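Student: Hello! Could we go through this structure together, with the reasons behind the words people use for it?
Tutor: Gladly, here it is.

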Amino acid sequence: MQIHLVKDYNAMSACAFDIIANTLRQKSSPVISLTTGATPAGLFKLLVKAINAGDIDISNTVFLNIDEYVGNQRDVYTVHTFMFERLYNQLTQKPKYFDMFNAGTLNKDYEILRYKHILDTYPRDIQLMGLGTNGHIGACEPGTPFDASAFCAEHKASTIESTMKLYNITREQAPTHMFTLGFREIMAADRPLLIVSGTSKADAVRRLLEEPINESCPASFLRNHPNFTLILDEEAASQLRKETLEWATR
Ligand code: PGA
């Protein structure tokens with residue numbers, strides 16, 4: 001496990017950008033699986049800038065995503081909308097390939113099988129993730145078994161509230177289900193990369209690092225991965241004990 005403790009949101013975005021940019025530059029056929037939400041928005045801006053400036057060539061890159069809401073693909077909250085607005089529509093270069101779960105599928109079981117096949121076809125160098133206030137990663141909510149494979153998850157109330165707030169939508173408009181990679185697929189990436197900013201995540205960070213690995217804090221399972229990389233800002237680290245901080249930054 002590697003921990004990068006940085007000052008604030010911008011420094012977290014820059015640190016994540018450096019890690020992803022290095023992989024994009026060093027690998028001949030990089031595969032990066034991304035996440036959406038408030039946390040990676042700054043990182044996406046840095047990626048768009050560097051790619052459009054010609055600093056990074058993505059002509060042989062595959063981009064994937066960890067999860068997707070169940071709903072109309074064009075709705076404001078979908079991963080599809082986020083990815084096109086924040087990345088694909090902004091780029092002047094096209095990646096070799098990109099994919100994500102199909103939000104509007106009529107056959108969820110088929111969609112899960114299809115996407116698992118895509119993951120097998122494109123082994124991931126990096127799996128980027130944000131952290132839920134309840135410790136979730138992707139849509140693996142507390143209680144998800146650690147042997148779970150990709151599935152369609154039901155959101156907990158705190159996750160629905162975060163979606164409502166982020167996209168300014170009502171409870172009725174907010175999606176309740178989400179396709180997600182399970183722990184099996186998350187742990188199969190070469191490097192799971194978790195980015196966390198802000199005091200609202202501080203308790204989840206404390207549980208992730210200071211409590212025993214436990215299904216009530218899904219992100220804690222990442223500690224079992226030898227290349228787990230965690231980027232935290234000072235606010236997100238604000239509930240950690242002094243000894244944990246010393247150990248994390250040693
Ligand atoms: P956020 O979401 O980046 O919008 O805070 C993270 C998550 O809930 O996975």
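Student: Why does Ile 137 count as buried or exposed?
Tutor: Buried means under 20% relative accessible area, exposed means over 50%, and partly exposed is in between, with a 1.4 Å probe and protein chains only. Ile 137 has 0% relative accessibility, so Ile 137 counts as buried. Before we go on: this is a predicted model, where local features need pLDDT of at least 70 and side-chain atom pairs count only at pLDDT 80 or more, while totals for chains, interfaces and linings use all residues. Residues are numbered from 1 along each chain as its sequence is written, and side-chain values use heavy atoms, with hydrogens and water left out.

Student: Where is Ile 137 found?
Tutor: Look in the loop between β6 (126-130) and β7 (151-154). Helices (H or I, at least four residues) and strands (E, at least two) are DSSP runs, numbered from the N terminus.

Student: What makes Ser 13 buried or exposed?
Tutor: The relative accessibility of Ser 13 is 3%, so Ser 13 counts as buried. Ser 13 belongs to helix α1 (residues 9-26).

Student: And why is Asn 168 called buried or exposed?
Tutor: Asn 168 reaches 70% relative accessibility, so the word is exposed. You will find Asn 168 in the loop between α5 (157-167) and β8 (177-180). Asn 168 also has a positive phi of about 55°, although it is not a glycine. Most residues other than glycine have a negative phi.

Student: Which residues surround the ligand?
Tutor: Among them are Ala 38, Thr 39, His 136 and Lys 201. To be near a molecule, a residue needs one of its heavy atoms within 4 Å of it.

Student: How do you know which classes the shell around the ligand has?
Tutor: Ala, Val, Leu, Ile, Met, Phe, Trp, Tyr, Cys and Pro count as nonpolar, Asp, Glu, Lys and Arg as charged, and the others, Gly among them, as polar. By that rule the shell has three nonpolar, five polar and one charged residues.

Student: What makes the Thr 39 pair with the ligand a polar contact?
Tutor: A polar contact is a pair of N or O atoms within 3.5 Å; within protein, one must be able to donate a hydrogen and the other to accept it, and residues adjacent in sequence count only if both atoms are side-chain atoms. A polar side-chain atom of Thr 39 is 2.4 Å from a ligand oxygen atom, so the pair meets that cut-off. For His 136, a polar side-chain atom lies 2.7 Å from an oxygen atom of the ligand.
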